[in-house]
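Student: I would like a close look at one part of this protein, the sheet. Please take me through how it is put together and what surrounds it.

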Amino acid sequence: MAENSLLSKLEGLESRFEEVSTLITDPAVIADQNRYVRLTKEYKDLGDIMEARKKYVACLNVIKEAKDILANETDQDMREIAREELQANEPLLPKLEEEIKIALVPKDPEDAKNVEVEIRAGTGGDEAALFAGDLFQMYKKYCDSMGWGISITNESEGTMGGFKEIAFSVTGANVYGILKYESGVHRVQRVPATETQGRMHTSAATVAVLPEADKFEVNINEGDIKWDTFRSSGAGGQNVNKVESGVRLRYPWKNPNTGEVEEILIECTETRDQPKNKERALSRLRTFIYDREHQKYVDDIASRRKSLVSTGDRSAKIRTYNYPQGRVTDHRIGYTTHDLQGFIGGDIQAMIDALIVAENTEKLKEAEL
């Protein structure tokens, strides 16, 4: 039976749950921060599975008992109660099965992390920069609706508005698990404000969503960092011109795959407080190194999963925003919404939900669930 097959997949997890619950109270494990973080995450995930299993087994038992009563009992009151129990629990069973299947799918350990987002204008000149600005405003409004914090770390404005490049951090609950689907090339088709003859142009911008690196995940020799300071540009009165609050760091990083040493250059002008800018520049350095050193791991996972949804390929065209037709289409899953203005205004949850469902479906097939 299907339920027996599903329950067999849960065998052994209960003993592992008990083992992990003991390990996370061990002082030696607590002292090893990296291991402790991994185990507490596993404990929570296993706890969710155990709770789902408990409800599933209880539902199976109620159904079995109700069927036994209907088959063997002659008392009409008991038969009526059994019939009501059966009607209430039989529709519940497939929902509980689906809950367990989703819980059994291996989760991306980075889903709970905060993110660094980079938006860069691609092909299209001034129009691409304007589109990059539209994308930033779209994500800002979405993040505000989710109650997430957003903080700009670096920006380079376009000559006609928008951004040639903008980088910002997002903090909140399960941020990477939701925004990771946005990485890739976003294409826009519209008549630009810069177009004098009314011709439609196609432009593009790239979006990269990187999980924030924890301090213990990346080893940085701060003595190798070369710091420069400079005056921030832009509006802000006398302080902008007189105080060197902007910071620039250069760090020699050895590529573990090639053995070559590359220089990483990061600038941060977010605040007028130089120490805070240094702290944020260091955070971006950790994130960039983490992303580069783990790219092979991400590629391996993506190739094994063969997912069309979140491959991590930042050169892939993932979405088209067509203004004349008022539609947005995601090419990975063929999802289209005709509320372009609402979408560009930050109402992107339905699209993200569809991407999550598509990826979970792939994972369930792969796990033979």
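Which residue in S3 stands opposite valine 117?

Tutor: Phenylalanine 168 does. Keep in mind throughout that this is a predicted model.

Start with the pair around that position. S1 covers residues 115-121 and S3 covers 163-171. The two strands run antiparallel, joined by 6 bridges.

Now cross S3 to its other partner. S2 and S3 also run antiparallel, with 8 bridges between them. Isoleucine 150 has valine 170 of S3 as its bridge partner. S2 and S3 make a hairpin, and 5 residues separate them. Glycine 161 sits in the turn, with a positive phi of about 115°.

Step back to the whole sheet. It is open and holds 8 strands, with mixed pairing. The order is S2-S3-S1-S5-S4-S9-S10-S11. S2 (149-157) and S11 (335-337) are the edge strands; each has a single partner, so one side of each is left without a neighbour in the sheet. From one strand to the next, the twist averages 15°.

Further along the order come S5 and S4. S4 spans residues 184-190, S5 spans residues 201-211, and 7 bridges hold them in an antiparallel pair. Within this pair, glutamine 189 is matched with threonine 202 of S5.

Two helices meet the sheet here. H7, residues 126-146, lies across S1, S2, S3, S4, S5 and S9. Its direction is at about 115° to S4. H10, residues 274-293, packs on the sheet as well and touches S1, S2, S3 and S5. H10 makes about 95° with the direction of S5.

Look next at the approach to S1. Aspartate 111 lies in the loop between H6 (92-104) and S1. Is aspartate 111 buried or exposed? Its relative accessibility is 17%, so aspartate 111 counts as buried; the cut-off is under 20%. Setting aside neighbours within four places in sequence, aspartate 111 contacts Asn174, Val175, Tyr176, Gly177 and Lys180.

One helix deserves a separate word. H4 runs over residues 33-72, 40 residues in total. From first C-alpha to last, H4 reaches 58 Å, close to the 58 Å expected at 1.5 Å a residue. Its buried residues include Leu39, Leu46, Ile49, Met50, Tyr56, Leu60, Ile63 and Ile69. Asp45 and Cys59 are also among them. As for spacing, an α-helix has 3.6 residues a turn, so residues three or four places apart point the same way.

Now place the sheet in the chain. The protein chain has 13 helices and 11 strands. Of its 369 residues, 40% are buried. Among contacts between residues at least 6 apart in sequence, 62% join residues at least 24 apart. The exposed surface is about 19,900 Å², and carbon and sulfur atoms supply 49% of it.

Finally, confidence. Mean pLDDT for the chain is 84, and 86% of residues reach 70 or more. Among the elements, H12 (residues 340-344) has the highest mean, 97, and H9 (residues 238-242) the lowest, 49. Residues 235-241 have pLDDT below 50, and this stretch has 10 contacts in the model beyond near neighbours in sequence. Residues 301-313 also stay under 50, with 24 contacts beyond four places in sequence.

How values were computed: Residues numbered from 1 in each chain as written. Predicted model: local features only at pLDDT ≥ 70, side-chain atom pairs only at ≥ 80, totals over all residues. Heavy atoms only, no water. Helix = DSSP H or I, 4+ residues; strand = E, 2+ residues; numbered from the N terminus. Buried < 20%, exposed > 50% of the residue type's maximum accessible area, 1.4 Å probe, protein only. Contact = heavy atoms within 4.5 Å. Areas by Shrake-Rupley, 256 points an atom, 1.4 Å probe, with all protein chains shown as cover. Pairing = 2+ DSSP bridges. Axes fitted to C-alpha atoms, helices over the stretch in contact; angles between N-to-C directions. Expected span 1.5 Å × (residues − 1). pLDDT = per-residue confidence, 0-100.
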